[in-house]
Amino acid sequence: MPDGLQAYCRECSAEYYRQRQEAKGKKVRARVPVPPGHKRCPQCEEVKPHSAWERNKSSSDGWASYCRVCRAERNRVSYFKRKYGLTPAELDALVAAQRGVCCICLAAPAVHVDHCHKTGRVRGVLCFNCNSAIGKLGDDPDAVRRAAAYLEGTSWKPTLVAPGVYRLPS
């Protein structure tokens, strides 16, 4: 309008907008009253105090879009999807197939995704120590075999070739 005011009040404009969106088949969430110093999380749909939110200077209110708990879960889901192509259900199925235990040491809980660094293919879920051990050995099966032979004590002992003559391992 020429005077800078709208033709309808805020509540009437909001109701008209809601009716137009619903006519298009879109869903408009109901407005929830939020007390000062609080914000509503769109994922968990809870009203939480600002202490449960991260700061975000680029947003209009200065707070993140999702509460800390929901944001951490969204980041976790996004990370596994982006890095390994796994959904939460697929990751849970991998862990369940191993009965929640690392398939190498059979003792620690399986929480780290193991994958081939050349192909990117997911091999399974291991504990931290076993996953890092495989990574330190460069995903090389021969290095793992040599490490196993070393632990069994067969690779580092000299062998007797003739009386008084020993051959050292190469």
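**Exercise 1. Aromatic rings**

Which residues form one aromatic cluster with Phe80? Work from this predicted model.

*Solution.*
- Start with the whole structure: a search finds 3 aromatic pairs.
- Take the rings of Tyr79 and Phe80. Their centres are 5.4 Å apart and their planes stand at 70°. An angle over 60 degrees counts as edge-to-face, so this pair is edge-to-face.
- Now read off the cluster. Tyr79, Phe80 and Tyr84 belong to it.
- Check the surroundings of two members. Tyr79 is partly exposed, at 32% relative accessible area. Phe80 has 14% relative accessibility and counts as buried.

**Exercise 2. Charges over rings**

Find what lies over the face of Trp63, and what sits over the ring of Tyr66.

*Solution.*
- Begin at Trp63. Arg55 lies over its face, 4.2 Å from the ring centre.
- Move to Tyr66. The charged end of Arg74 sits over this ring, at 4.0 Å from the centre.

**Exercise 3. The largest nonpolar core**

List the residues of the largest nonpolar core, then name the elements that give two or more residues to it.

*Solution.*
- The core has 8 residues in all: Phe80, Tyr84, Leu86, Leu91, Ala110, Val113, Val122 and Val125.
- Two elements give two or more residues to this core: helix 2 (68-84) and strand 4.
- Look closer at Tyr84. Leaving aside neighbours within four places in sequence, Tyr84 contacts Tyr79, Val113, His115 and Val122.
- A second, separate core has 6 residues. Among them are Cys41, Trp63, Cys67 and Cys70.

**Exercise 4. A hairpin**

Describe how strand 3 and strand 4 pair, and find the turn residue with a positive phi.

*Solution.*
- Locate the strands. Strand 3 covers residues 112-115, and strand 4 covers residues 122-126.
- Get the direction. The two strands pair in the antiparallel sense, over 4 bridges.
- Pick one position: His115 stands opposite Val122 of strand 4.
- Go to the turn. The strands form a hairpin with 6 residues between them, and Gly120 in the turn has a positive phi of about 85°.
- Finish with burial. Strand 4 is mostly covered, with 4 of its 5 residues buried.

**Exercise 5. Positive phi outside glycine**

Place Glu45 and Asp139 in the chain, and state the phi of each.

*Solution.*
- Recall the background. Most residues other than glycine have a negative phi.
- Glu45 is not a glycine, yet its phi is positive, at about 60°. Glu45 is in the loop between strand 1 (38-40) and strand 2 (47-49). Its relative accessible area is 55%, so Glu45 is exposed.
- Asp139 is not a glycine either, and its phi is positive at about 55°. Asp139 lies in the loop between helix 4 (128-136) and helix 5 (141-152). Its relative accessible area is 22%, so Asp139 is partly exposed.

**Exercise 6. Cysteines without a bond**

How many disulfides does the structure hold? Explain the case of Cys12.

*Solution.*
- The count is 0 disulfides.
- Test Cys12. The closest cysteine sulfur, in Cys9, is 3.3 Å from the sulfur of Cys12. A disulfide needs the two sulfur atoms within 2.5 Å, so the Cys9 sulfur is too far for a bond.
- Test Cys70. Its nearest cysteine sulfur, that of Cys67, is 3.5 Å away, and Cys70 is in no disulfide.
- Set burial side by side. Cys12 counts as partly exposed at 42% relative accessibility, whereas Cys70 is buried at 8%.

Key:
Residues are numbered from 1 along each chain as its sequence is written. This is a predicted model: local features need pLDDT of at least 70, side-chain atom pairs count only at pLDDT 80 or more; totals for chains, interfaces and linings use all residues. Side-chain values use heavy atoms; hydrogens and water are left out. Rings of Phe, Tyr and Trp (its six-membered ring) pair if their centres lie within 6.5 Å; planes under 30 degrees apart count as stacked, over 60 as edge-to-face and the rest as tilted. Buried means under 20% relative accessible area, exposed over 50%, partly exposed in between (1.4 Å probe, protein chains only). A charge sits over a ring if NZ of Lys or CZ of Arg is within 6 Å of the ring centre and within 35 degrees of the ring normal. Two strands pair if DSSP finds at least two bridges between them. A nonpolar core is a set of buried Ala, Val, Leu, Ile, Met, Phe, Trp, Tyr and Cys residues joined through side-chain atoms within 4.5 Å. Contact means heavy atoms within 4.5 Å.
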